[in-house]
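Here are my notes after a pass through the model you sent. They are in numbered points, so pick whichever ones you want to follow up.

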Protein chains: 2
Amino acid sequence: MTLERIFPAWKWLKTYSRDDLQNDTVASLIFTIMVIPQSLAYAMLAGMPAITGLYASIVPSILYSLFGTSRTLAVGPVALSSVMTASAILPFAVAGTEHYATVAILLAFMSGVFLLILSLFRLGFLTNLLSHPVISGFISATALIVVIGQLKYLLGIQSEGSTLFPLVSSLYRHLGSTNIPTLILSILSIFSLVMMQRHFARFLGMIGCSKRTVQLLGKSGPVIIVFLATLAVANFSLDQVGVSIIGAVPEALPSIHLDHINLPMVRELIPGAILISIVGFFGSVSVAQTYAAKRRQDIDPNQELVGLGLANIGSALSGAFPVTGGFSRTVLNADSGSRSPMTGIIAALFILLTLLFLTPLFYYLPKAILASIISISMLKLVNVQDLRHLWNFSKKEAVLLLATFFVVLIEGMETGLIVGVCLSLLFFLWHTSHPHIAIVGRVPGTEHFRNVQRFTVETHQSVLTVRIDENLFFANARILEERLQQVVSENKEVKHLILMCTAVNMIDASALQSLEKIITRLADAGVQLHLSEVKGPVMDKLKDTQLLKELNGEVFLTQHQAIKALEGCLEEKA
Amino acid sequence: MTLERIFPAWKWLKTYSRDDLQNDTVASLIFTIMVIPQSLAYAMLAGMPAITGLYASIVPSILYSLFGTSRTLAVGPVALSSVMTASAILPFAVAGTEHYATVAILLAFMSGVFLLILSLFRLGFLTNLLSHPVISGFISATALIVVIGQLKYLLGIQSEGSTLFPLVSSLYRHLGSTNIPTLILSILSIFSLVMMQRHFARFLGMIGCSKRTVQLLGKSGPVIIVFLATLAVANFSLDQVGVSIIGAVPEALPSIHLDHINLPMVRELIPGAILISIVGFFGSVSVAQTYAAKRRQDIDPNQELVGLGLANIGSALSGAFPVTGGFSRTVLNADSGSRSPMTGIIAALFILLTLLFLTPLFYYLPKAILASIISISMLKLVNVQDLRHLWNFSKKEAVLLLATFFVVLIEGMETGLIVGVCLSLLFFLWHTSHPHIAIVGRVPGTEHFRNVQRFTVETHQSVLTVRIDENLFFANARILEERLQQVVSENKEVKHLILMCTAVNMIDASALQSLEKIITRLADAGVQLHLSEVKGPVMDKLKDTQLLKELNGEVFLTQHQAIKALEGCLEEKA
């Protein structure tokens, strides 16, 4: 059990058979071919040499296979992490320089360390801060920015900037120098990618391919386009007429230049590293859970932090950039027939072989093709329908989505995400600090107590029952004081106030203090406070406190008992 | 009604009688005499000339009386706001300079505007962010820092710094130059202040004073000490031997020097202005509520924002610093026999008269006396008992208090408060993102369903009921996914999962999305999801969503019906 906890791969390794190995080897080969164009494209998106996309697919993948808990998740370069990487590095370095690569490597290392820290302190729950509207607005805006950013490759021009206005104005200024061969290549490749996506699988089915073949080859569009485009560029020497190509691959791994790194830089990279880690982890766990559920498996989010943390440190040591578990990678992995994380290891070896022997094949690969692949996959992420749904469900959450969307577009990803998270916390605090508080009375002839505004109920002039439908904690403690005071000042004849605690699962020190204040204030006003239906765990918590000593009323087990006792007591007096 | 809403004073003014006026005039006179030493001292605490404490007690007090809703609250210089003011200004200016006064005035103006903005957007609930442990740790640490900071006046030496280490080291360096007459004066005044506080009221009772006189004079210790000390300094020319005195009061009101103000300064003062406003508002409302409750009155927190906002703008226009409603001021006001906010207006006029005709009396007032008054009142705020109580109630909240305390001491008030607020949000999110989720079964022979771990209940092999004791929203949406998935992966024979929603008062878009994911994943695993006991408002919210269409199970009104239906269905099949 302990071995499995430290080294989750043991769980599947101990029953791993020769048959599994055969299956996974075939799956890995298919996966490798499919995933290469994506990896190159996302490296370019991160502002790194395309080839580092392959570096980032080797060691991280092996480490995740050994230390992660998902059986299907594929770890490597992922669109969102790559854009965030570029956006985090741009203030420090110019893309394509040695300095830039050094910062990227540092960022991957810091991300890895941060993920391990989260795991150590079991802080994975922090990703819960990313509410659905924030993530949705963030992804849509980021995708839009990425597509606009890719226009420079699609048109073969220059452009700078990582937010909407600088990017658009820079593109506009350079629009005159559009490279026509590049533009034609881009249009052709986008057109054929879209057509293949829509019709290739059906076409394969029509010409009589088996269902399995259709599933495998249906997603091979990018591979075929990359192959054809590279061939075209090489044959017609399109690089001579301005089509930008990947070119020669450096012989050695990029190395980190320690003299480029200094403490202020590390400090300024921290927010970026944190956001990349949290967003990456969030996305990765979502994908992992979706696949685990299909197979009735389970994943351990805390161990996922370890797996992804080590993967990022591995990526840094390979001279690459931040990685995580990606949706489209994982779909490719699952579709290629993988049965276990062993595919992650075998595919890594295949990619290493590619890197060692096949890189000359990538020489003529035009950057416009990679930009086409990126643009198409990112455009799918711009989700307008989600906004419509949200608008119908809750205006406030739709506003949250829009706010995140526009701040990301105009101010950048980090600011947008932070604004979104703060706003969602604010909205939640607003909601929870305005709890539903009802005055209740007895439904005639029963022991049930319901809201006086919704039901015809019996109430008593000098005994008032208030039910609060929320946990009592700092965000609503003060409101409770205010509301109870209001209730008492509006009902001058009240002598007994019963607080009905059916919905109170938790009470903190701030609420406790508020309750003590309420008791004193009510006593000053000549009103006794009673509690009813206090839950077991809450009562345990209150037991040793000053509150029960200061309480001038009683604690009743049920609301019915409370009313019976207090009404009886009043009748006696009368 | 509308007039009363804009101008709350109308509520009491329309029934205000000649008799009330007589009473309030006497009360105001007593209050004025009592409150003057305090006002001077807190101006000094804010780093401003002592006399500005009187400026800050005139216009703000009148404006609050007209626009505030509390009948008892006294608004003017308050210890906590004054310390925070000094701490916010120190990075920009040297205390005692014209520049410093300008920044203080600007800060009061910004505070006022910020409070009005809060009122406009009804954001008063933001003060709910200040949980009890954070406020407690903050006040204790601030009080301690203030007392240490007053040592320079008590010893008659120089010192700088606003956090623990710089302050202590600076004091230590100057300790050699202690002024002996000042030290003797300080010791005498502290000793007599403490003695009077403890025994003066009793002594007055013993010599036969009426209860009312005892109540009035019992708190006059500071007035008497100030009077005697001023007399002593003047008579024995103690200012010639190094006792620092208030000296001559400037003829004109301090004026704001617009050329000292620039946009970057305004921007950097924003956090300070926000914290001063929020903490001041928080304290003020607490005091107001305590007194309102005693008299069965009600206060309107949103209108309080208006009253305090205008008071601060008024303070800025009088050339003073941020003000708020204070605890000790309000006690003096209530004890002096005030019946309405009219005392605030009359007392303001008395203070204006003092300022016009009696300032020469303050010439020889030694600063050491004011420092003694401050030190004694602040030492009472260091609350060790609270920590002990909190430790017994909840270790986590005690840690929160200690964290806030030490960060305030070492890093300063603003950082401490922000760290405290962030930590309490973090703790709360941790709690709420780990909701109590129980598998429940039927208590035999009843329609009640309870936790299988606590009760002997009937369960069914292929029908599982899970009860979640928390609202469903972004912070726990993902955990719900994880836990349900875990439950299903641990109970491989389950075909029906019932989610019992008794404790769910709210559901947001993130939780909705998680539920949709859960439905899909469970369907993939061959499990149907059902809902039971969904509350009315939650059902209203769900009605128009995709969720109910995607749900492959049913929505049952009660848990009992759900079990009956599903078990019946299974028996039929068998």
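**Notes on the two-chain model**

1. Let's start at the axis. Among the residues of chain B, Ala503(B) has the C-alpha that comes closest to the rotation axis, at 3.3 Å. The same surface serves both copies, with 98% of the contact residues of chain B recurring in chain A. Keep in mind that this is a predicted model.

2. Next, the symmetry itself. A turn of 180° with a shift of 0.0 Å along the axis lays chain B on chain A, and the RMSD is 0.1 Å. The two copies are therefore related as by a two-fold rotation axis.

3. Overall build of chain A: the C-alpha atoms fill a box of roughly 105 × 60 × 60 Å along the principal axes. The secondary structure comes to 25 helices and 8 strands. Of the 574 residues in chain A, 56% count as buried. If you look at contacts between residues at least 6 apart in sequence, 79% of them join residues at least 24 apart.

4. How is chain A divided into domains? The assignment gives domain 1 (17-397) and domain 2 (437-573). Their centres, taken over C-alpha atoms, are separated by 57 Å.

5. There is also a database label to go with this. An unreviewed UniProt entry carries the annotation "domain: STAS" for residues 453-566 of chain A. In the model, that stretch is 47% helix and 16% strand. The C-alpha atoms at its two ends are 23 Å apart.

6. On to the nonpolar packing. The largest nonpolar core has 254 residues, and those with the most contacts inside it are Leu40(A), Leu370(A), Leu40(B) and Leu370(B). What does Leu370(B) touch, leaving aside its neighbours within four places in sequence? The partners are Pro37(B), Leu40(B), Ala41(B), Met44(B), Ala50(B), Ile246(B) and Leu365(B). So Leu40(B), itself listed among the residues with the most contacts inside the core, is one of the contacts of Leu370(B).

7. A loop residue worth a click is Ser336(B). You'll find Ser336(B) between helix H15 (327-335) and helix H16 (342-358) of chain B. Is Ser336(B) buried or exposed? Ser336(B) is buried, with a relative accessible area of 3%. Not counting residues up to four places away in sequence, Ser336(B) touches Ala27(B), Ile30(B), Phe31(B), Arg212(B) and Leu216(B).

8. Now the cysteines. How many disulfides are there over all chains? The count comes to 0. Take Cys422(B): the closest cysteine sulfur, in Cys422(A), is 8.3 Å from the sulfur of Cys422(B), which is too far for a bond, because a disulfide needs the two sulfur atoms within 2.5 Å. Cys422(B) counts as partly exposed, at 45% relative accessibility, whereas Cys501(A) is buried at 7%.

9. Last, a backbone item to check. Most residues other than glycine have a negative phi. Arg122(A) has a positive phi of about 50° although it is not a glycine, and Arg122(B) likewise has a positive phi of about 50°. Arg122(A) lies in the loop between helix H7 (98-120) and helix H8 (132-155) of chain A; Arg122(B) is in the loop between helix H7 (98-120) and helix H8 (132-155) of chain B. Arg122(A) counts as exposed at 57% relative accessibility, and Arg122(B) is exposed with a relative accessible area of 56%.

Technical notes. Residues are numbered from 1 along each chain as its sequence is written. Chains are lettered from A and ligands numbered from 1 in the order in which they are written. This is a predicted model: local features need pLDDT of at least 70, side-chain atom pairs count only at pLDDT 80 or more; totals for chains, interfaces and linings use all residues. Side-chain values use heavy atoms; hydrogens and water are left out. Buried means under 20% relative accessible area, exposed over 50%, partly exposed in between (1.4 Å probe, protein chains only). Copies are superposed by least squares on the C-alpha atoms of residues with pLDDT of at least 70 in both. Contact means heavy atoms within 4.5 Å. UniProt positions are given in the numbering used here, feature names are shortened, and annotations may be inferred rather than shown by experiment. Helices (H or I, at least four residues) and strands (E, at least two) are DSSP runs, numbered from the N terminus. A nonpolar core is a set of buried Ala, Val, Leu, Ile, Met, Phe, Trp, Tyr and Cys residues joined through side-chain atoms within 4.5 Å. Domain bounds come from an automatic or database domain assignment.
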